[in-house]
Every structure is written in structure tokens, then in C-alpha cells.
Amino acid sequence: MKNIAILVGNSEYQNLNKLHFCRKDISSMQKILSLSKKFEIHIFENYQSEQLKSGLSKIIRELEKSKINELLFYYTGHGVFKEQFYYLPINFTDKQFETTSLSNNELD
């Protein structure tokens with residue numbers, strides 16, 4: 001059985017305040033998880049919405065037939081709650097809210 005860690009960190013926003021600490025968050029989590037030697041780690045750092053959604057879909061397809069013991073999802077970056085939580089990729093804009101965000105429902 002596999003243990004999978006998906007780390008998403010966004011710091012270089014195009015339309016929101018940059019969050020420089022997020023780069024360190026991802027680096028620290030990667031180090032901690034690597035030391036445990038328990039997880040297969042996948043990192044998405046500063047991805048635009050389409051890239052992030054495509055990358056996550058690819059991992060899911062690749063792991064569909066695998067038996068997964070644990071799945072750790074870690075996110076650092078901007079987010080917003082509107083009836084559900086939305087993760088905000090680096091190209092997020094209010095004018096294209098649905099297409100430039102990742103909803104918790106999509107992630108599930």
C-alpha cells in the first residue's frame with residue numbers, strides 16, 4: 001500500500017498579494033515528510049488553475065488502481081470560503097472565479 005502526500009504552495013500571485021512564506025512552508029513540509037520515508041511526495045508550487053487541475057487529475061489517474069493507505073493533502077496560499085472552501089491558484093481573479101479557483105468539491 002502507498003502513502004501519498006500532495007503539497008500545493010502558491011506564493012507568486014498575479015492578482016493578489018504575494019505570500020513569500022508559502023515557499024518555505026512547502027520546503028519544510030517536504031523535508032519533514034522525506035525524513036519519515038513514508039510518503040511518495042508530489043509538489044505543485046505556483047501553478048496556474050489549469051495546470052493545477054490537470055496535474056491533480058493526472059496523479060489521480062495514475063493512482064486509480066493503487067491501494068492507498070494514507071493520503072495527505074497540504075495547501076499553503078490564498079483561499080476563500082463561499083459556501084465551501086476555494087483554493088486560489090496564482091492566476092486567480094474574481095472576474096473568472098469558477099475557472100481560476102479550485103473548489104473543495106472539485107478536489108474531493
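Leucine 7 of strand 1 has isoleucine 43 in strand 2 as its bridge partner, and that pair is a good place to enter this predicted model. Strands here are DSSP runs of E of at least two residues, helices are runs of H or I of at least four, and both are numbered from the N terminus. Right beside that pair, valine 8 stands opposite phenylalanine 44 of strand 2. Strand 1 (residues 2-9) and strand 2 are joined by six bridges in the parallel sense; strands count as paired if DSSP finds at least two bridges between them.

Now look at the other partner of strand 1. Eight bridges link strand 1 to strand 3, again in parallel, with isoleucine 4 opposite leucine 71. Together this gives an open, three-stranded sheet in the order 2-1-3. Strand 2 (40-45) and strand 3 (68-76) are its edges, each pairing on one side only. Seven of the eight residues in strand 1 are buried, meaning under 20% relative accessible area with a 1.4 Å probe, protein chains only.

Next come the helices. Helix 1 (residues 21-36) lies across strand 1, strand 2 and strand 3, at about 160 degrees to strand 3. Helix 2 (residues 49-63) touches those three strands too, and makes about 165 degrees with strand 2. Touching means heavy atoms within 4.5 Å; angles run from 0 to 180 degrees between N-to-C directions of axes fitted to C-alpha atoms, for helices over the stretch in contact.

Residues are numbered from 1 along each chain as its sequence is written. Local features need pLDDT of at least 70 and side-chain atom pairs 80 or more, while totals for chains, interfaces and linings use all residues, and side-chain values use heavy atoms, without hydrogens and water.

Conventions:
Buried means under 20% relative accessible area, exposed over 50%, partly exposed in between (1.4 Å probe, protein chains only).
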